[in-house]
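Here is a short report on one protein chain. Look at the overall form before turning to the charged side chains.

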Amino acid sequence: MPRPADHLPDPPALLDSERAAELTVHTKAALRRQRRELAASVDKAFKHIPWPLRGAVRRALGA
C-alpha cells in the first residue's frame, strides 16, 4: 500500500511538459535521498538503545 508521501502532486500547470518532467525527476530523487538519510539517522539513534530493547522500540515507533 503506497504511503501518502509516495504520491507526488502534479507539477504546476504553467510548466511545459519538459520542465514538468524535470521537476518530477528531481523531486523523486530528493525524496529517495531524504528517505536514505532518515533511515541512516534512525539506525544511528537506535545504537543508543540497549540491544534487548531495540525490537520493542522499533515496533512501538513503527520504524
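## Surface and overall form

The protein exposes an accessible surface of about 5,600 Å². Carbon and sulfur atoms hold 62% of that area. The model is predicted.

The secondary structure is simple to list: 2 helices and 0 strands. Helix α1 covers residues 17-46, and helix α2 covers residues 51-61. The C-alpha trace spans about 55 × 20 × 15 Å along its principal axes. The radius of gyration is 17 Å, whereas a compact globule of 63 residues would have one near 11 Å. Burial is scarce: 3% of the 63 residues count as buried.

## Salt bridges

The whole structure holds 2 salt bridges. One pairs the side chains of E22 and R19, at 3.0 Å from N to O. Both residues lie in helix α1, 3 residues apart, or about one turn of the helix. E22 is partly exposed, at 33% relative accessible area. R19 is also partly exposed, at 46%.

The other bridge joins the side chains of R58 and D43, with 3.4 Å from N to O. This pair links distant parts of the chain: R58 sits in helix α2 and D43 in helix α1, 15 residues apart. R58 has a relative accessible area of 29%, so it counts as partly exposed. D43 is partly exposed too, with 38% relative accessibility.

## Charge layout

K28, R32, R33 and R36 form a positive surface patch. Of these patch members, R33 is placed in helix α1. Is R33 buried, exposed or partly exposed? Its relative accessible area is 42%, which means that R33 is partly exposed. That value also clears the cut-off for patch members, which must have over 30% relative accessible area and no salt bridge.

Across the protein there are 12 positive and 7 negative charges. The mean positions of the two sets lie 14 Å apart.

## A distance along the chain

T27 belongs to helix α1. With a relative accessible area of 28%, T27 is partly exposed. How far apart in space are T27 and L61? The two are 27 Å apart, C-alpha to C-alpha, and 34 residues apart in sequence.

Note on methods: Residues numbered from 1 in each chain as written. Predicted model: local features only at pLDDT ≥ 70, side-chain atom pairs only at ≥ 80, totals over all residues. Heavy atoms only, no water. Patch = residues over 30% accessible without salt bridge, like charges linked within 9 Å, V, L, I, M, F, W, Y side chains within 5 Å. Areas by Shrake-Rupley, 256 points an atom, 1.4 Å probe, with all protein chains shown as cover. Salt bridge = Lys/Arg side-chain N within 4 Å of Asp/Glu carboxyl O. Lys, Arg positive; Asp, Glu negative; His and termini not counted. Charge placed at Lys NZ, Arg CZ, Asp CG, Glu CD. Helix = DSSP H or I, 4+ residues; strand = E, 2+ residues; numbered from the N terminus. Buried < 20%, exposed > 50% of the residue type's maximum accessible area, 1.4 Å probe, protein only. Rg over C-alpha atoms; globule rule 2.2 N^0.38 Å.
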